[in-house]
Structures are given as C-alpha cells and as structure tokens.
Amino acid sequence: MSNSDRKRRPQDTPDPRKSPRSEVDSAFDLWLQRGLHQLYDGVAAEPIPAELLALIEKDRTRKRT
Amino acid sequence: MQSEFHTQLITLLPKLRVQALALTRNRAAAEDLVQDAVANALAAQDSFTPGTNFAAWMHRILRNRFISTLRKQRETTDIEDLPAGAFAVGATHEDRMVLKELGRAVNRLPNDQREALFMVVLQGMSYEDVAASTGCAVGTAKSRVFRARRQLQAWLMGENRTGERSGATETVTRVVGEARPLA
C-alpha cells in the first residue's frame, strides 16, 4: 500500500494489513485492561492504615528536628 | 528534601498496595508487605538519590522484601484472595462471574508475569521502569507482559481440558468479539 492509499483510507475501515488474530488480541487486551481496573482500582482507593501513615509522619518529624 | 521523600512515599502507597497484592495474592500478606517495605525504605532513605526514579526505587524495595519474606516462609499458608472488585454490588451476575474468573486466572499467572502486567496495565509504568524495578532487561519486561496477556487470553477465551467452554469463557469470548471492529 502506497502512502497516498494509506492517507485515503477512512479511519473506520479495518486496516487490511491487520489480521483477524491481532484484532482479537487487541480487543482482548482492551477488555483485560478494563477488567483489571475493575478488579483492583478499589484496592488502591482504600484508606491507608493510620498506623502506616503515623510511621511515615513520625520519621518525617524526626528528620526535621 | 527529606520532606519531599516522605510525601513521595505517601503518594505512592496506593500503588504499592496493588503491587503487593500482585506479589502475594493475599490481602493480609500484602498489607504486611507494604508495612515492611515502608519501614525498609525509611531506614534506607539516605541511599535514595533525589531526582532519580522514586517509584522504581520503592518498587525494588517492595520486591526485595517480598523475596526475602518468601525465603523465610517457604511453606506459607498460601490463601489466595480475589479483590473486592470481583464482588462489586452494582455489577450484574454475569459481570461478577467474569471478573471472578479473571481474578482467578490472574492469580494463576507466574509471579514475574503478573508483577509486570500490573506495573504496565494498572500502574501505567513504562517497560523501562518495569525493567529498572525488577532488575531485568527491557526486552524481558515486554516479553513478560506479552506472555501474561496471551496466557490469560488462552485461559479465558480458549477451551478447557475437557473441551467444554465454561460460562465465563463464553461470556469473555462474546464480549471481546463485540469489541472487535466490523470487517
């Protein structure tokens, strides 16, 4: 495919160079990304344990003095 | 400068918690691992060079701590947890079923693959940072993420040993198929 052909190809037309296999892989990777965020974003959003924050703040204060 | 170190550490805690879960697959063990890694980081903070990659430095400490704990507790009680997201109240039964299946499959991955996958997909880290954090070559980091993705795809979209497809497998295949662009 020449550069001019590539420029003419509409955005929503599948790239003929891309195999159905790689399309499935890309779709799965996108689904996987969403699924992992659904599973684990809640873990990251949980409050940090107070004793852990206290440990860090205590060290910060100690370093300042 | 020291104050900045502590601020960076606090900011990174949520990501460390997810990464600890990637390593341990157990909520309680993950919390202990983060606590221990933070204590190690505070003790070693003078060895951190300001302006260099703090996240990579901290992930290395977390990882080293995990490895040393693993050596001490070789035969630990290996109870794997599914993240709370697999039990989301608002999700449909089908969504929960698929998420649980995904959570179980992720837990079955080799440690190095799961670790690299989480760093890239959940933490948004570059392959260069993954390599720096895990002490491997950039090509190895890319390969681990690639193999993790294709292994999960094989487990979740492929057929099981009996040749039958589980309900979750059917659902994943359908959902992924719907996401493909029309030819």
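**Reading the helices and contacts of chains A and B**

In this predicted model, buried residues make up 14% of the 65 residues in chain A, while 35% of the 183 residues of chain B count as buried.

Q: What makes up the secondary structure of chain A, and what makes up that of chain B?
A: Chain A has 3 helices and 0 strands, and along its sequence the pattern reads α-α-α. Chain B comes to 8 helices and 0 strands, with the pattern α-α-α-α-α-α-α-α along the sequence.

Q: Why is A:Arg62 called buried or exposed?
A: A residue counts as exposed if 12 or fewer other C-beta atoms lie within 10 Å of its own. A:Arg62 has 10 other C-beta atoms within 10 Å, and it is therefore called exposed. The residue is found in helix H3 (residues 50–64) of chain A, and its C-alpha atom is separated by 49 Å from that of A:Phe28, which lies 34 residues apart from A:Arg62 along the chain.

Q: How do you know whether H5(B) is largely enclosed by the rest of the structure?
A: The threshold for a buried residue is 20 or more other C-beta atoms within 10 Å. In H5(B), 10 of the 12 residues are buried, so this helix is largely enclosed by the rest of the structure. The buried residues include the charged B:Arg114 and B:Glu115, as well as B:Ala116, B:Leu117 and B:Phe118.

Q: What makes the length of H5(B) agree with that of a helix at 1.5 Å a residue?
A: The expected span is 1.5 Å times one less than the number of residues. For the 12 residues of H5(B) this should be 16 Å, and because the end C-alpha atoms are 16 Å apart, the two values agree. Just after H5(B), B:Gly124 takes a positive phi of about 70°.

Q: Why is H6(B) described as roughly parallel, antiparallel or perpendicular to H7(B)?
A: The axes of helix H6 (residues 127–134) of chain B and H7(B) come within 8 Å and cross at roughly 105°. Angles of 65 to 115 degrees count as roughly perpendicular, and H6(B) is therefore roughly perpendicular to H7(B). In this contact, B:Tyr127, B:Glu128, B:Val130, B:Ala131 and B:Thr134 of H6(B) meet B:Val138, B:Ala141 and B:Lys142 of H7(B). The residues involved divide into 5 nonpolar, 1 polar and 2 charged.

Q: Which residues have the most contacts inside the largest nonpolar core?
A: This core has 50 residues, and those with the most contacts inside it are B:Ala20, B:Leu33, B:Ala37, B:Leu62, B:Ala116 and B:Val120. H1(B) gives the most to the core, with 9 residues. Beyond residues up to four places away in sequence, B:Val120 touches B:Met125, B:Val130 and B:Val145. Across chain B, residues 24 or more positions apart account for 60% of the contacts with a separation of 6 or more.

Q: How many residues does each chain give to the contact between chain A and chain B, and what kinds of residue does chain B bring?
A: The contact takes 34 residues from chain B and 29 residues from chain A. On the side of chain B that touches chain A, helix H1 (2–24) and helix H8 (167–179) are among the elements that give two or more residues, and H1(B) provides the largest share, 11 residues. The residues on this side of chain B divide into 23 nonpolar, 7 polar and 4 charged.

Key:
Residues are numbered from 1 along each chain as its sequence is written. Chains are lettered from A and ligands numbered from 1 in the order in which they are written. This is a predicted model: local features need pLDDT of at least 70, side-chain atom pairs count only at pLDDT 80 or more; totals for chains, interfaces and linings use all residues. Two residues are in contact if their C-beta atoms, placed from the backbone, lie within 7 Å. Helices (H or I, at least four residues) and strands (E, at least two) are DSSP runs, numbered from the N terminus. Axes are lines fitted to C-alpha atoms, for helices over the stretch in contact, and angles run from 0 to 180 degrees between N-to-C directions. Angles under 35 degrees count as roughly parallel, over 145 as roughly antiparallel, 65 to 115 as roughly perpendicular and the rest as oblique. A nonpolar core is a set of buried Ala, Val, Leu, Ile, Met, Phe, Trp, Tyr and Cys residues joined through C-beta atoms within 7 Å.
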